[in-house]
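Welcome! Have a look at the structure shown here, and then let us walk through it together.

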Amino acid sequence: MATMSHTILVVGGAGYIGSHMVKALLAEGYRVVTLDNLSTGYRDAVVGGEFILGDMNDRALLRAVFTDHAISAVMHFASYIQVGESVTAPSKYYENNVTNTLALLDAMMEKNIRRFIFSSSAAVYGNPIRVPIDEGHPKAPINPYGRSKWMVEQILSDYETAYGLKSISLRYFNAAGADPGGQLGERHEPETHLIPLILQAASGRRPSISIFGNDYDTPDGTCIRDYVHVADLCQAHGLALQRLLQDGASGVFNLGNGNGFSVMEVIRAAREVTGKDITLEIKNRREGDPPRLVADSTRAIQELAWRPRFASLSAIIADAWAWERRLQSH
Ligand code: UFG
């Protein structure tokens with residue numbers, strides 16, 4: 001298999017999406033090296049390949065990694081992701097998500113490694129002026145998290161002009177779900193995402209789920225999001241990787257299913273999947289939540305041949321529920 005000869009460096013491979021990616025790459029026959037400082041990831045989430053504990057801005061370490069391994073491409077998942085925290089601690093976000101990414105890119109340039117896949121976010125669009133959102137939608141992030149992602153995308157474009165770096169930025173909408181094989185899942189500390197919090201309420205690890213606002217201009221008053229299964233995100237990364245390995249062009253792609261579900265709809269679907277009664281509490285709006293974020297992913301479908309396999313909300317919740325029950329039993 002052609003993939004056998006390629007070694008991929010996965011930075012942030014011990015985190016939620018990165019750990020699923022490591023597993024997917026190994027299944028495809030790639031050799032994998034994971035670099036993670038375990039600030040938010042888990043060593044036991046890295047199911048194979050080589051694991052290196054360290055920071056992506058550790059130039060000496062990266063030199064050694066790039067000398068010891070013939071790395072064909074780098075995938076970068078090592079970002080801080082909490083929007084609210086990014087507002088109160090912007091320094092932390094710009095330092096890790098931008099400055100440390102620059103250090104990683106510069107180490108790559110020094111060793112002539114010029115293929116890069118970047119975890120970007122729908123947060124680059126800010127409050128949408130039209131929905132569904134295509135890639136040409138204006139980029140107007142409304143918080144430091146989103147700005148950090150948009151800055152890196154712009155840096156990547158400048159690095160292509162100056163140094164010939166080929167990159168693909170994947171703008172995730174709401175990443176959710178868990179490894180369909182039941183081995184991996186979401187383990188954020190603290191957890192802030194809707195689906196795992198609902199499922200913790202279903203399993204009894206939490207008393208209830210808070211709904212942050214039910215007076216939005218949406219049919220049931222709660223915010224609408226486009227949930228996309230982590231396994232489908234990994235599929236898109238695999239396709240992006242193939243494109244770069246075949247010396248294809250750089251690009252930017254939305255990743256979402258194009259279906260919006262309100263917070264209330266997600267809770268209802270979770271009640272059905274779990275068979276549990278889930279107590280909800282209506283709370284105030286959360287700062288900075290746009291009412292409706294839905295992706296137009298036509299470009300990924302057409303140009304990458306992306307074919308989401310777990311697009312239904314109940315499939316996403318079912319896999320996340322299997323993982324929640326596993327966590328609960330430990
Ligand atoms: N929500 C609740 N109660 C909760 C948690 C969330 O009602 O306890 C609501 C939120 O207000 C929002 C929706 O559920 O309307 C989804 O919230 P999440 O926190 O799960 O996800 P976000 O849409 O806020 O954020 C996600 C990613 C971010 C990324 C953003 C845009 O987590 O990293 O999508 O791409 F920036």
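Helices and strands are DSSP runs, of at least four residues for a helix and at least two for a strand, and they are numbered from the N terminus. With those names in hand, Asp247 can be placed in the loop between H7 and E11. Please keep in mind that this is a predicted model.

## The sheet

A good place to start is the open sheet of 7 strands, whose order is E3-E2-E1-E4-E5-E6-E11, with parallel pairing. Its edges are formed by strand E3 (50-53) and strand E11 (251-255), each of which pairs on one side only. On average, neighbouring strands of this sheet are turned by 20° against each other, direction ignored.

For a closer view, pick strand E4 (residues 71-76) and strand E5 (residues 115-121): they run parallel and are joined by 3 bridges. Here Val74 stands opposite Phe116 in E5.

Helices pack on this sheet too. Helix H5 (residues 144-163) touches E5, strand E6 (166-172) and E11, and the direction of H5 makes about 155° with that of E5. Helix H7 (residues 230-245) lies across strand E1 (7-11), E4, E5, E6 and E11, running at about 165° to E6.

## Helices against helices

The table lists three helix pairs with their angles and axis distances.

| Helix pair | Angle | Axes |
|---|---|---|
| H4 (residues 90-110) and H5 | about 20° | 9 Å apart |
| H1 (residues 16-28) and H7 | roughly 55° | within 9 Å |
| H2 (residues 59-68) and H4 | roughly 40° | within 10 Å |

How do H4 and H5 lie with respect to each other? Angles under 35 degrees count as roughly parallel, and H4 and H5 are therefore roughly parallel to each other. H4 passes H5 in a right-handed crossing. On the H4 side, the contact includes Pro90, Tyr93, Tyr94, Leu102 and Met109, while H5 contributes residues including Pro144, Tyr145, Ile155, Tyr159 and Tyr163. Sorted by kind, the residues of the contact of H4 with H5 divide into 15 nonpolar, 3 polar and 2 charged.

One residue of this contact is worth a separate visit. Leu102 lies in helix H4, and with a relative accessible area of 27% Leu102 is partly exposed. Leaving aside neighbours within four places in sequence, Leu102 is in contact with Ile155 and Tyr159. Leu102 and Gly164 are 62 residues apart in sequence, and their C-alpha atoms are 15 Å apart in space.

Next come H1 and H7, whose axes cross at roughly 55°. That makes H1 oblique to H7. The crossing of H1 and H7 is right-handed. In H1, the residues Tyr16, Ile17, His20, Met21, Ala24, Leu25 and Glu28 meet Val230, Leu233, Cys234, His237, Gly238, Leu241 and Gln242 of H7. The residues of this contact of H1 with H7 divide into 9 nonpolar, 4 polar and 1 charged.

Last in the table are H2 and H4, with axes that cross at roughly 40°. H2 and H4 are therefore oblique to each other, and H2 passes H4 in a right-handed crossing. Arg59, Leu62, Arg63 and Phe66 in H2 meet Ala103, Leu104, Asp106, Ala107, Met108 and Glu110 in H4. The contact of H2 with H4 divides into 6 nonpolar, no polar and 4 charged residues.

## Details in the loops

The loops reward a look as well. Which kind of peptide bond runs from Val131 to Pro132? That bond is cis, with omega near 0°, and Pro132 lies in the loop between E5 and H5. A cis peptide bond also joins Glu189 and Pro190, with omega about 0°. Pro190 has its place in the loop between strand E7 (174-176) and helix H6 (194-203).

Now return to Asp247, in the loop between H7 and E11. Phi of Asp247 is near 60°, a positive value in a residue other than glycine. Is Asp247 buried or exposed? Exposed means over 50% relative accessible area, so at 60% relative accessibility Asp247 counts as exposed.

Ala305 also has a phi near 60°, again a positive value in a residue other than glycine. Ala305 sits in the loop between helix H9 (298-303) and helix H10 (313-328), and at 40% relative accessibility Ala305 counts as partly exposed.

Methods: Residues are numbered from 1 along each chain as its sequence is written. This is a predicted model: local features need pLDDT of at least 70, side-chain atom pairs count only at pLDDT 80 or more; totals for chains, interfaces and linings use all residues. Side-chain values use heavy atoms; hydrogens and water are left out. Two strands pair if DSSP finds at least two bridges between them. Axes are lines fitted to C-alpha atoms, for helices over the stretch in contact, and angles run from 0 to 180 degrees between N-to-C directions. Contact means heavy atoms within 4.5 Å. Angles under 35 degrees count as roughly parallel, over 145 as roughly antiparallel, 65 to 115 as roughly perpendicular and the rest as oblique. A crossing is left-handed if the near helix is turned anticlockwise from the far one by less than a right angle, and right-handed if clockwise. Ala, Val, Leu, Ile, Met, Phe, Trp, Tyr, Cys and Pro count as nonpolar, Asp, Glu, Lys and Arg as charged, and the others, Gly among them, as polar. Buried means under 20% relative accessible area, exposed over 50%, partly exposed in between (1.4 Å probe, protein chains only).
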